[in-house]
Amino acid sequence: MNCRNLETIITELARNQMLEARVKEDAHAHMKTCKRCAVRFADEQTLTAGLRAVAASVATMETPTRVEAALLKAFRQGTSSPFVLTNTPARPIRTPWLPWSIAAAAAILIFSVFALPRLLSDDSGGRAVQKASNAQPAPGLSPTITIPESEQDEAEIQPLNATVNPEDDVIPSVPRPVDRRRAVMQIAGLRNRPAQRANNLTPTTSANEEITTDFLPLSYSSSLSQMDGGQVVRVELPRSALQSFGLPVNAENASERVKADVLLGHDGVARAIRFVR
Amino acid sequence: MTVLTTPSDDELLRLMVAGDENAFVTLYRRRQGGIYRFALQMSGSEMVAEDVTQEVFMVLMGEAKNYDPAKGSLTGYLYGIARNHVLRSLSRDRSFVSIGEGYEEDGETAHEQLVAQDDPLGDLTRGEVIESVRQAVTALPAHYREVVVLCDLHEMSYAEAAQVLNCAVGTIRSRLHRARALLIEKLRATGDPGTASSIVNPARCFA
């Protein structure tokens with residue numbers, strides 16, 4: 001064996017790996033005659049000892065118990081919903097996907113602030129109010145209506161929530177983007193409150209003594225009873241819009257404004273409308 | 001007579017997928033230490049090691065069905081996940097990688113301050129020398145560091161390391177050889193260049 005041959009096995013030799021007995025004997029025989037290879041082998045052996053000392057120094061180190069607790073919590077959440085984990089952050093601060101989550105949340109927020117108001121104003125405010133069928137259609141009403149374009153532009157969106165003040169009759173006639181933005185944010189908050197949403201869908205007199213009509217369907221496309229949720233937004237329309245739904249309108253006050261609640265599906269399309277007094 | 005049998009990793013995983021919480025805990029407690037230490041030795045950061053360990057088992061919970069026993073052991077699979085997360089973490093946080101960037105392929109070193117000023121190989125039982133070796137390992141380029149960590153610190157066979165790193169056994173062997181040469185050179189570099197150079201140029205003698 002020469003130095004080159006020894007070099008090819010010196011790592012395994014120093015790490016006490018499996019080698020043929022004859023190869024080991026040849027290697028040791030070579031090192032007896034070659035000081036340089038003997039030093040090289042001694043270095044390898046010393047390094048092996050050093051690495052083992054390093055390994056031993058951390059042999060008892062383990063993951064902190066809080067990680068097990070967090071994982072166990074995630075496991076229980078996962079098993080409660082047929083073992084499909086949703087990458088729930090056990091320790092959200094340092095999870096690598098956190099920046100992406102923040103970016104996604106920011107994108108949703110930006111969309112809600114800028115794009116959704118435009119969609120709402122286009123769809124429910126009334127530009128293309130295409131629209132729906134109802135499980136409880138009002139007798140004698142045409143289920144398909146189109147609000148005149150001149151009236152649609154005047155529609156003002158207001159959020160409907162538990163704090164609606166019926167005395168607040170002063171509604172700006174000019175649409176204010178800030179109000180719409182606020183409305184959208186409040187609507188978004190309603191999405192996580194199904195109980196309140198269900199109450200909003202009930203076409204009865206509200207707790208604040210508002211008198212409302214039943215929800216009138218805006219198209220045949222779907223039944224209100226089949227909706228799995230949605231948002232109700234308060235809008236203001238010219239009283240003449242009542243005519244489109246077959247409701248009586250006094251010509252003298254046709255130019256006055258009337259409040260209405262528009263029921264939006266999750267896709268943002270208006271499904272039904274009810275009028276509020 | 002009662003025969004006590006220890007369930008295998010694969011059996012525990014099967015039970016875990018079926019929703020057995022005890023199986024998950026058993027599997028976690030059996031494997032978390034190795035994963036944690038591997039991530040710690042690769043990154044040099046307890047915080048990263050903790051995160052990586054957590055991520056490994058989160059991935060296992062979510063994608064356990066991706067594990068194929070025919071391709072290797074569950075341990076290797078977990079180490080492979082850990083390795084990917086460590087490398088991702090290192091690429092995000094250059095503060096750990098910057099140390100290793102001092103090493104070049106030709107063995108030159110740029111972080112002499114990491115090596116103890118006395119003869120480190122003379123007495124490796126001392127704590128500060130152990131720390132020097134640890135730092136030298138941490139300073140290795142990642143592809144060398146991982147083979148040293150797996151084969152020397154975790155005593156994996158070449159085949160097991162090859163499964164973790166998804167490469168050939170021969171690659172593991174040659175990388176380990178080179179990595180150890182770099183470590184020796186690093187640890188002997190101070191004050192004795194002649195000895196160091198003799199180590200990295202072994203083919204001068206053909207006795």
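Helices (H or I, at least four residues) and strands (E, at least two) are DSSP runs, numbered from the N terminus. Residues are numbered from 1 along each chain as its sequence is written, and chains are lettered from A, with ligands numbered from 1, in the order in which they are written. This is a predicted model, in which local features need pLDDT of at least 70, side-chain atom pairs count only at pLDDT 80 or more, and totals for chains, interfaces and linings use all residues.

**Exercise 1. Place Asn16(A) and describe its backbone and surroundings.**

Step 1. Asn16(A) is found in the loop between H1 and H2 of chain A, and it follows H1(A).

Step 2. Its phi is positive, near 55 degrees, in a residue other than glycine.

Step 3. A residue is buried if 20 or more other C-beta atoms lie within 10 Å of its own, exposed if 12 or fewer, and partly exposed in between, with C-beta atoms placed from the backbone. Asn16(A) has 9 other C-beta atoms within 10 Å, so it is exposed.

**Exercise 2. Do the same for Asn166(B).**

Step 1. The loop between helix H8 (158-165) and H9 of chain B holds Asn166(B).

Step 2. Asn166(B) is not a glycine, yet its phi is positive, about 55 degrees.

Step 3. With 13 other C-beta atoms within 10 Å, Asn166(B) is partly exposed.

**Exercise 3. Find the buried residues of helix H1 of chain A and say what covers them.**

Step 1. H1(A) spans residues 3-14, and its buried residues are Leu6(A), Ile10(A), Thr11(A) and Leu13(A).

Step 2. These residues cover an arc of only 160 degrees around the axis, so they are on the same side of H1(A). The arc is that of the directions from the helix axis to the C-beta atoms. An α-helix has 3.6 residues a turn, so residues three or four places apart point the same way.

Step 3. The cover includes helix H2 (21-33) and helix H3 (35-57) of chain A, together with helix H9 (169-188) of chain B.

**Exercise 4. Describe the fold of chain A and the setting of strand E3.**

Step 1. Chain A has 8 helices and 5 strands, in the order α-α-α-α-α-α-β-α-α-β-β-β-β along the sequence.

Step 2. Of its 277 residues, 27% count as buried. In strand E3 (residues 231-238) of chain A, 7 of the 8 residues are buried, so the strand is largely enclosed by the rest of the structure.

Step 3. Two strands pair if DSSP finds at least two bridges between them. E3(A) pairs with strand E4 (residues 257-264) of chain A in the antiparallel sense, over 8 bridges. Arg234(A) stands opposite Asp261(A) in E4(A).

**Exercise 5. Locate the nonpolar cores.**

Step 1. A nonpolar core is a set of buried Ala, Val, Leu, Ile, Met, Phe, Trp, Tyr and Cys residues joined through C-beta atoms within 7 Å.

Step 2. The largest has 60 residues, of which Ala39(B), Ala82(B), Val147(B) and Val148(B) touch the most other members. Helix H2 (residues 21-43) of chain B gives the largest share of this core, 9 residues.

Step 3. Another core, of 18 residues, lies apart from it, with Leu218(A), Val235(A), Ala260(A) and Ile273(A) among its members.

**Exercise 6. Which residues does Phe24(B) contact, beyond its neighbours within four places in sequence?**

Step 1. Phe24(B) belongs to helix H2 of chain B and is buried, with 26 other C-beta atoms within 10 Å.

Step 2. Two residues are in contact if their C-beta atoms, placed from the backbone, lie within 7 Å. Leaving aside those neighbours, Phe24(B) is in contact with Phe75(A) and Met16(B).

**Exercise 7. Decide where the coordinates call for caution.**

Step 1. pLDDT is the predictor's confidence in each residue, from 0 to 100. Where pLDDT is low, the predicted coordinates should not be read in detail.

Step 2. Chain A has a mean pLDDT of 65, with 51% of its residues at 70 or more. The pLDDT is below 50 over residues 81-95 of chain A, a stretch with 28 contacts in the model beyond near neighbours in sequence. It is also below 50 over residues 124-207 of chain A, where such contacts come to 150.

Step 3. Chain B averages 78, and 73% of the residues score at least 70. In chain B, confidence is lowest in helix H10 (residues 193-200), at a mean of 39, and highest in helix H7 (residues 142-153), at 94.

Step 4. For the complex, the predictor gives an ipTM of 0.76 and a pTM of 0.52.
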